[in-house]
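Visitor: I am new to this structure and would be grateful for a close look at a single part of it. Please take one place where elements pack together, and then turn to the charged pairs.

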Amino acid sequence: MHDLLARLGLDNHPRVIADPRGDETPENDGIVVSRSPATGQPIAAVRLDTAEDYERITQRAVAAFDRWRRVPAPKRGEVVRRIGNAYRDVLEDLGSLLTLEMGKIKAEGIGEVQETIDIADFAVGQSRMLYGKTMPSERPLHAMKEQWLPLGPMGVITAFNFPNAVWGWNAMLAAVCGDVSVWKPSLLTPLITLATNDIAQRVASEMGHEDIFQVVIGTDDTIGERMIADKRYPLISATGSCRMGRRVGSVVAERLGKCLLELGGNNAVIIEPDADLDLALKSTVFGSIGTCGQRCTTSRRLYLHESIADDFTAKLASAYETVRIGDPLADGTLVGPLITEGSVQAFEQAIERAESEGGTVVTGGERLDAGKLPAELQGGHYVVPTIIRAPAGNELPVAMDETFAPILYVFTYRDLDDAISMQNSVDQGLSSAIFTGSSRSAERFLDPCGTGSDCGLAYVNLGTSGAEIGGAFGGEKDTGGGRESGSDSWKAYMRRQTCSTSFSPTLELAQGIRFE
Ligand code: UN1
C-alpha cells in the first residue's frame, strides 16, 4: 500500500498525513481519514480546506481563467492530450488506488480511469470542433453567426462512487472549452482525488499553465455551501443524491447561475419472452451487482414477462450465488464492499421494509457472514447481493426509492405497454433497458414520440450501466436533466453569443420596422 501511495506522489504530499491515528474527525481535527471500505482500516488522512483556503483557491481560479481563455482552443486540446497520456502511464496504479479507497473491484477501478482517458481523447478532438452556426439575416447586407466562448471557473462536485471519471467528464471538456475547474470531491475519496488532480495540474503547469485544475476538500458547511452560492462560479456541475441536487439547484438558481446536475437513478430492465435470455441474464447480473450496486446506473428493478418470470428469477438467483464477494483487489472477486457501515444499514433497512410490504427475498438479504471472510477483511462493509420478488399485483413501494446497494426488485408483466409504464413510474429518469428479439418491441421502447422509456439513457439488448463516453450521459425528472461527457455536452461549459454585423450603408431594422 505504501509503495502505491509513493508511486502516485501521496507519501510526501503537503496535504496528506501518511499515518493517521484513525480516530480523528473532520470537526475536531480539520482532517479527514480515508479508510479502505474493504478492511475498515485507515489508508491515510487528508487536511481539510478552511474558508480562507477556499477564498485563495477561488481567487487563483479566477486569475487562471483569464489567462487560460486566451490560449487557442486546439492548444488547450494539446494540454489535455498530454494529460490523457499521463493517465495512461499510471492506469494500473490509479485504478488500484481507486479500488483501495472506494472498494470497486480492480477491473472496474481501471475501467473508470480508462473512462477518463477516453474523455480526454474525445476532448482533444472537440478542441478543434467548438462549432457555431451561421444563419442568413433577414436584412440586406447583414451577417449573423453564433459563437461559443469560455464560461468561467467551474465548480465540480463529485460523489464517492465515480471519484475519477465523473471529474474527468467535466474537467477535460471544460479545459478545452477554456474553463478552469475547482473540484470538491466526496470526503470518502480524498486520496484518489488528489492523485488524479495532481497529474492534470502537473502536466498543465509543465506546459506553462498554472491553476487550471484545483481541488478544494472540505465539509458541505464550510466549502460546499460557499461554492454553490459564489457568483465567481458561473457553472456548478454536481453529481450525487436527489436531495443534494435540490439544494445545489435552488442555491445556484437563486443567483441565476447554471447547474449541471447528475443525480439519482432508479433504473429498470424489461425482459421480453423472445429475448436472448442468456445474454439478458449475464447483462442483468453485471447491471445489478457491478460496483456492489453503487452506480447511479445500477439496475434496481426488473420487469419480467409472466411467461418467463419464475424460470428467469431462479436462474438469476443461481448466478448471484456463484459470484465471489470479498477483497476488491483480489483476482476473481466480482463484488467488493459497500462504502460505509451506514450503507450496510440502508441496505438492511430497505430489505426489512420490502419484506414488510409483502416482498419475498429470493437470494441474499443480509450482510455477509464475517466467518466467511479472512481476518484482514473483518472490518469491511460486505453484503450479499439480493433479489426480492414483489408480491402479486406488483405493489412494492420501497422500489420507488434508490438504495445505493445491490438489491434488485423483480416484477412481472403481461403487456409491454404496462411494463413501460411501470418502468416510467418512478421519480428518477436516468437509465433503462429492454431485452427483446423483436424490432417492434425495441422501437416501441424507443418511440420517437416519447411514449417509450422516459429516461436519458435507453438501451436495447444491453444493461442499464456501463455507458460509453461518446454519448451524452444524464437523465430526466429527478435525475436533474444535466448531460455530461460526449455528443454536444461541451456546450454546457461555454456561453453562446449571437453576433450580427451590418455592412449596409443604410439603417435596416428587423421585422421591417421603419423608424424615420
Ligand atoms: C455514475 O454512477 O455516477 O454508465 C456514473 C456507467 C458509467 C458511469 C456511471 N459509465 O455506468
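Guide: What follows is an account of one helix pair and then of several salt bridges.

The model is predicted. Two packed helices are described by the angle between their axes and the distance between the axes. The pair chosen here is helix α4, residues 73-89, and helix α6, residues 106-126. Their axes come within 8 Å of each other and cross at roughly 160°. Because angles over 145 degrees count as roughly antiparallel, α4 is roughly antiparallel to α6. The crossing in which α4 passes α6 is left-handed.

On the α4 side, the contact is made by Gly 77, Val 80, Arg 81, Gly 84, Tyr 87 and Arg 88. Facing them on α6 are Thr 116, Ile 117, Ala 120, Asp 121, Ala 123 and Val 124. Sorted by class, the contact of α4 with α6 has six nonpolar residues, three polar ones and three charged ones.

Charged side chains also pair elsewhere, and the structure holds 32 salt bridges. One of them joins the side chains of Lys 184 and Asp 220, with an N to O distance of 3.1 Å. This pair links distant parts of the chain, since Lys 184 belongs to strand β7 (residues 181-184) and Asp 220 to helix α9 (residues 220-229), 36 residues apart. Lys 184 has a relative accessibility of 6% and therefore counts as buried, the cut-off being under 20%.

A further salt bridge brings together the side chains of Arg 389 and Asp 310, at 2.9 Å from N to O. Arg 389 lies in strand β14 (residues 386-389) and Asp 310 in helix α12 (residues 309-322), so this salt bridge ties together parts that are 79 residues apart in sequence. The two partners fall into separate accessibility classes: Arg 389 is partly exposed, with a relative accessible area of 23%, whereas Asp 310, at 55% relative accessibility, counts as exposed.

Glu 357 and Arg 353 form another salt bridge, in which the closest N and O atoms are 2.8 Å apart. Glu 357 is partly exposed at a relative accessible area of 23%, and Arg 353 is likewise partly exposed, at 33%. Finally, salt bridges that share partners join Glu 55, Asp 230 and Arg 232 into one network.

Technical notes
Residues are numbered from 1 along each chain as its sequence is written. This is a predicted model: local features need pLDDT of at least 70, side-chain atom pairs count only at pLDDT 80 or more; totals for chains, interfaces and linings use all residues. Side-chain values use heavy atoms; hydrogens and water are left out. Axes are lines fitted to C-alpha atoms, for helices over the stretch in contact, and angles run from 0 to 180 degrees between N-to-C directions. Helices (H or I, at least four residues) and strands (E, at least two) are DSSP runs, numbered from the N terminus. Angles under 35 degrees count as roughly parallel, over 145 as roughly antiparallel, 65 to 115 as roughly perpendicular and the rest as oblique. A crossing is left-handed if the near helix is turned anticlockwise from the far one by less than a right angle, and right-handed if clockwise. Contact means heavy atoms within 4.5 Å. Ala, Val, Leu, Ile, Met, Phe, Trp, Tyr, Cys and Pro count as nonpolar, Asp, Glu, Lys and Arg as charged, and the others, Gly among them, as polar. A salt bridge is a side-chain nitrogen of Lys or Arg within 4 Å of a carboxyl oxygen of Asp or Glu. Buried means under 20% relative accessible area, exposed over 50%, partly exposed in between (1.4 Å probe, protein chains only).
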